[in-house]
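User: I would like to learn how to read salt bridges in a model. Please take me through the general idea and then the case at hand.

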Amino acid sequence: MKPFAILALAAPALALTACGDNLVAAKPLNVVSGHIVMGATPDRPAVGYFRVQGGPQPVQLVAVTADLAQRVEMHESVRENGVVTMKPLLRADVPAKGDLVFKQGGKHLMIWGINGAAVRAGKLPMAFVFTNNNNERILFDMVIKPAEGAEAAADHGAMDHGAMEKGTEKAAPDAAKK
């Protein structure tokens, strides 16, 4: 009878341990890294790059906002017929247990009018809004870096981001063609 009593007590403990392992294994949705590169000149927008680590369910990133910036937009660089164009993104998929990466040459943020105090502090608090839990918001401080010189200007400065505000797109000439 004693072996049965020990087994009866051990079974619930083992079941709870197994449940705990499943809870620990499911990592939550999270913004895990990111930074902003200031525009080459004060009148140019800054650009933001980041990585979101997906949680147990697929979601979509539907907005990124900042109280200390005039405007934040999600964009994607796309090469069509040898020409790089900018397309606004309304949403971006975050796969379950996968990553969504906004990086140079692909998806990125365009940020206009960052408050001088945020620039001096070297960080911009941002809210990332997702399509789960009634539009869950994750707050993340994006590190602000100075302009990367001519390379940063060439990457985004030649593209007319202002034209997108009016609903039109202007393509930047392909840097490889002369």
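Analyst: The turns below deal with salt bridges and the residues that form them. This is a predicted model, in which local features need pLDDT of at least 70, side-chain atom pairs count only at pLDDT 80 or more, and totals for chains, interfaces and linings use all residues. Residues are numbered from 1 along each chain as its sequence is written, and side-chain values use heavy atoms, with hydrogens and water left out.

User: How many salt bridges does a search of the whole structure find?

Analyst: Side chains of opposite charge can pair when their charged atoms come close. The cut-off for a salt bridge is a side-chain nitrogen of Lys or Arg within 4 Å of a carboxyl oxygen of Asp or Glu. Searching the whole structure gives five. Among them is Asp99 with Arg51, at 3.0 Å from N to O.

User: Which strands hold Asp99 and Arg51?

Analyst: Strands (E, at least two residues) are DSSP runs, numbered from the N terminus. Asp99 is in strand E7 (residues 99-102) and Arg51 in strand E2 (residues 46-53), 48 residues apart, so this pair links distant parts of the chain.

User: Is Asp99 buried or exposed?

Analyst: Buried means under 20% relative accessible area, exposed over 50%, and partly exposed in between (1.4 Å probe, protein chains only). Asp99 has 38% and therefore counts as partly exposed; Arg51, at 27%, is also partly exposed.

User: What is the N to O distance between Lys107 and Glu76?

Analyst: Their salt bridge spans 3.6 Å. Lys107 belongs to strand E8 (residues 107-114) and Glu76 to strand E4 (residues 69-80), 31 residues apart.

Note on methods:
Helices (H or I, at least four residues) and strands (E, at least two) are DSSP runs, numbered from the N terminus.
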